[in-house]
Amino acid sequence: MSSVPLPMSRQSRISWSRVIIYTVMILFLLFYLLPVYLILITSFKSFDQVSLSRMWDLPNGFSLASFDRAWNGGEGVIGMRGSFWNSIQLVVPATVISCLLGSLNGYVLSKWRFPGSETLFTLILFGMFIPYQSVLVPLVEVLREIRLYASIPGLILVHVVYGIPITTLIFRNYYATVPNELLEAGKIDGADFFGIYRHVMLPISAPGFVVVAIWQFTSIWNEFLFGLIITNDPQLRPVTVALQNLSGSQFTQWNVQMAGALLVALPTLLVYIFLGKYFLRGLLAGSLKG
Amino acid sequence: MQQAKTLSARPARPARWLNRDRVIALLMISPSALAIAVFVYGFIAWTGYVSLTSWNSLATTSTFVGFDNYLSVFATGRFQTNIRNLIVFTAFFLLACLLIGLLLAVLVDSRIRFEGFFRSAYIFPMALSFIVTGVVWRWLFAPGNWPDDPTGINLLFKQLGLGFFQSAWITDTGVVPGWRVEGLRTRIGVPMAMIPVVVAAVWQMSGFVMAMYLAGLRGIPDEIKEAARVDGASEWQVFRTITLPLLQPITLSAVIILGHISLKIFDLIVTMTGGAPGNNTEVPGLYMYEITFKANKFAEGAAVAMVMLVVVALLVVPYLIYSRQTEVER
């Protein structure tokens, strides 16, 4: 680069374009961070500092009273503590089962193809796009029938089933990159279906499992419609439904709502901050296949 | 070594298709296949059946009424308004996400400092629930008693000396231009209260589009662009004639992903506006929930759900078939 001297006019034009680039990027940065700023300054204000006319001012001091109210409740506010436990009880088993199912399905659909397996895969994939409104009424009826309506296991079942398309897709595309020679070698050595799965596929599956686990954890934690319909019981609400109720209540001050929103956002945000690379891979997995 | 072993072993293996391992493979996929068959296709068929009956109360007996529910739903001003709102939301949301996503991807890709920081800050809203997004943006767009005693973003504008930007936002009942058309029971135009909802949705999803375009940009070999530059093409020409056409598959994927999210939008609107003011921000996803689970009009709700499904299928099915064909060709 330095060996090619640039004419002065060219050089100054380049730096101008840099100025424009950074200006636009910083303006967008402000747009993306504006809600973060508001949520942080509001949730750390004490109750006597909460004033609508000074909502954009920084808090003077550092108060956890809003979090206490959002978490434990009081004065007409229903605390969200119980719903966090519900969400954890829901998300952990659902994510684990989803990973195992997705991995098995992906293994079969990439390495044990059979006549019609591609059609089956496309039929499974379609399930990822349907509006869940089109299955809700039968779903409630069937869950009632098998006595899983208004229960956490019922919600786990629903998330596992409707998670099959995306988890199968991610694992299938991941396993498709594993060379078939590895499997052939395994077969020569006398390994059967499960032998190859255990000794060839599983040892190299860790990144696939991380991507799918993050994807399922994030989407189940953030999901609202199933939580709303299937846990028709205040005691069983997942966090998103609890937050919607918290913010819909006229007793709830804005600082408590912001604290509640921050609490709900925190787990998935932490995952994004520490495992962002895998989070992105999951995001792109469904979109970059075509 | 491995290669040679495989090659030599191949002729010796029997060409039998249905061996023990293949049966196990079929057994392993069948629970998932069965679950999808029941929970997706079976339930859709069931909903389709319900939509053709008179099950519009808690009574358990119902009769077959053909397409009556569809006709009566489409005849209501409320559902017509829903569809207008959905078209407006989808159009603005898609356009803004694609433009902002592409712009940010190009900027982030132009060898800038702190690239990782900018990228992460643009994408992080994707990790949040639409409920969180809705709660925060509802407060940002709560207008207060503007112009004198504003709240949220109106107050921010006032404090920054930009008071002329103040607006009624999510409480705005206006529809621009609001044409009345013979035979339609809704006014044609952009419901102004929808704009804040679009802003919140774009805030959440545009970073995702940026990530997609960025992956696409990084996949274009520098040599192609360099060759064009050597031939005397300007940066803009390089972008228009080389980069943009190569990004077309990404745009297609983004339209499918954003489109199906947009057509099903529910959570964000429940939290941000609840469909208000009037029904100016209500969409079919919310309407279905309201009439089914609050008014017990199961058949009409099922009809709305089937309409949603057909619209999403029109978008997604051609794409699924197309991407399967391109995969087979490869």
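# Exercises on helix packing, domains and chain contact

H6(B) passes H8(B) in a right-handed crossing (a crossing is right-handed if the near helix is turned clockwise from the far one by less than a right angle, and left-handed if anticlockwise). The model is predicted; local features need pLDDT of at least 70, side-chain atom pairs count only at pLDDT 80 or more, and totals for chains, interfaces and linings use all residues. Residues are numbered from 1 along each chain as its sequence is written, while chains are lettered from A and ligands numbered from 1 in the order in which they are written.

**Exercise 1.** Classify the packing of H6(B) and H8(B) by angle, and list the residues that make the contact.

*Solution.*
- Step 1. Locate the helices: H6 of chain B covers residues 130-140 and H8 of chain B covers residues 194-218. Helices (H or I, at least four residues) and strands (E, at least two) are DSSP runs, numbered from the N terminus.
- Step 2. Take the geometry: the angle is about 135° and the axes are 10 Å apart. Axes are lines fitted to C-alpha atoms, for helices over the stretch in contact, and angles run from 0 to 180 degrees between N-to-C directions.
- Step 3. Apply the classes: under 35 degrees is roughly parallel, over 145 roughly antiparallel, 65 to 115 roughly perpendicular and the rest oblique. H6(B) and H8(B) are therefore oblique to each other.
- Step 4. List the contact: H6(B) contributes B:Phe130, B:Thr133, B:Gly134 and B:Trp137, and H8(B) contributes B:Pro196, B:Ala200, B:Trp203 and B:Gln204. Two residues are in contact if their C-beta atoms, placed from the backbone, lie within 7 Å.
- Step 5. Sort by class: five are nonpolar, three polar and none charged (Ala, Val, Leu, Ile, Met, Phe, Trp, Tyr, Cys and Pro count as nonpolar, Asp, Glu, Lys and Arg as charged, and the others, Gly among them, as polar).

**Exercise 2.** Is chain B a compact globule or more spread out?

*Solution.*
- Step 1. Count the elements: chain B has 13 helices and four strands.
- Step 2. Compare with the globule rule: the radius of gyration of chain B is 26 Å, well over the 20 Å that the rule gives for 330 residues, so chain B is more spread out than a compact globule. The radius is taken over C-alpha atoms, and the rule is 2.2 Å times the number of residues to the power 0.38.
- Step 3. Take the box: along the principal axes, the C-alpha atoms of chain B fill roughly 80 × 70 × 35 Å.

**Exercise 3.** Describe how the two assigned domains of chain B meet.

*Solution.*
- Step 1. Set the bounds: domain 1 of chain B is 12-50 and domain 2 is 68-329; such bounds come from an automatic or database domain assignment.
- Step 2. Take the separation: the C-alpha centres of these two domains of chain B are 36 Å apart.
- Step 3. Count the contact: four residues of domain 1 of chain B touch six of domain 2 of chain B. The domain 1 side has two nonpolar, two polar and no charged residues.

**Exercise 4.** Give the make-up of the contact between chain A and chain B.

*Solution.*
- Step 1. Count the residues: chain A gives 73 and chain B gives 81.
- Step 2. Find the main contributor: on the side of chain B, helix H2 (residues 20-50) gives the most, with 18 residues.
- Step 3. Sort the side of chain B: 57 residues are nonpolar, 18 polar and six charged.

**Exercise 5.** Where in chain B do B:Pro177 and B:Pro277 lie?

*Solution.*
- Step 1. B:Pro177 lies in strand E3 (residues 175-180), and its peptide bond from B:Val176 is cis, with omega near -5°.
- Step 2. B:Pro277 is in the loop between helix H11 (267-272) and helix H12 (284-293); the bond joining B:Ala276 and B:Pro277 is cis, with omega about -5°.
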